[in-house]
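Q: I have a structure open and want to learn how to read a helix and a pocket. Where do we begin?

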Amino acid sequence: MIGRLNHVAIAVKDLAGATALYRDTLGARVSQPLPQPEHGVTVVFVELPNTKVELLEPLGADSPVAKFIERNPDGGIHHICYEVDDIIVARDRLKATGARVLGTGEPRIGAHGKPVLFLHPKDFTGTLVELEQA
Ligand code: CO
């Protein structure tokens with residue numbers, strides 16, 4: 001059911017420092033910072049040949065990433081995103097197995113302008129999973 005790895009999201013406290021690390025130390029191609037107030041993050045996209053890494057810095061008081069940074073002051077992997085052909089079919093199939101979909105259970109428009117859902121980390125080996133319509 002799941003397809004390509006769309007991205008790995010890494011929460012960071014210092015976006016400029018993390019960007020420099022990926023650009024200068026690791027030699028990756030990185031984007032300009034992109035504030036996404038509706039998602040409570042500022043994002044830098046790290047473009048790799050086969051996938052993306054997204055560096056997420058908390059933005060605003062209600063950022064979903066802020067608590068993660070409180071618990072993980074050095075930053076860390078926040079979620080991984082897999083592509084699915086049909087997000088509604090995928091959701092219904094997962095819910096039928098007892099997996100928990102976060103929020104209202106309805107897809108929201110994600111950072112790439114496509115419908116996304118998040119799955120409870122406790123149901124997926126301790127990892128927050130994002131599904132994105134391909
Ligand atoms: Co994501």
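A: Note that this is a predicted model. Take helix 3, residues 87-96. Its buried residues are Ile-87, Ala-90, Arg-91 and Leu-94.

Q: Why do the buried residues lie on the same side of helix 3?

A: The general idea comes from the helical repeat. An α-helix has 3.6 residues a turn, so residues three or four places apart point the same way. In this case, the buried residues cover an arc of only 100° around the axis, which puts them on the same side of helix 3.

Q: Which residues are exposed on the other side of helix 3?

A: Val-89, Arg-93 and Ala-96 are.

Q: What covers the buried residues of helix 3?

A: The cover includes strand 6, strand 8 and strand 9 (129-133).

Q: How do I read the ends of helix 3?

A: Check side chains at the start and backbone angles after the end. At the start of helix 3, Asp-86 places a side-chain oxygen within 3.0 Å of the backbone nitrogen of Ile-88. After helix 3 comes Gly-98, with a positive phi near 95°.

Q: Now the largest pocket. What lines it?

A: Ask for volume, then lining, then class. The space in the largest pocket is about 810 Å³. Its lining has 36 residues, and Pro-64, His-78, His-79, Phe-118 and Leu-128 lie nearest the centre. Elements giving two or more residues to this lining include strand 6 (76-84) and strand 8 (115-119). Helix 2 gives the largest share, four residues.

Q: How many lining residues fall in each class?

A: The lining has 15 nonpolar, 13 polar and eight charged residues.

Methods: Residues numbered from 1 in each chain as written. Predicted model: local features only at pLDDT ≥ 70, side-chain atom pairs only at ≥ 80, totals over all residues. Heavy atoms only, no water. 1 Å grid on protein atoms, 1.4 Å probe; cavity = no way out; pocket = protein on both sides within 12 Å on 5 of 7 lines; lining within 4 Å. Points joined across faces, edges and corners; volume = space filled by probe spheres on them. Nonpolar A, V, L, I, M, F, W, Y, C, P; charged D, E, K, R; others polar. Buried < 20%, exposed > 50% of the residue type's maximum accessible area, 1.4 Å probe, protein only. Arc of directions from axis to C-beta. Contact = heavy atoms within 4.5 Å. Polar contact = N/O pair within 3.5 Å; in protein donor to acceptor, adjacent residues only side chain to side chain.
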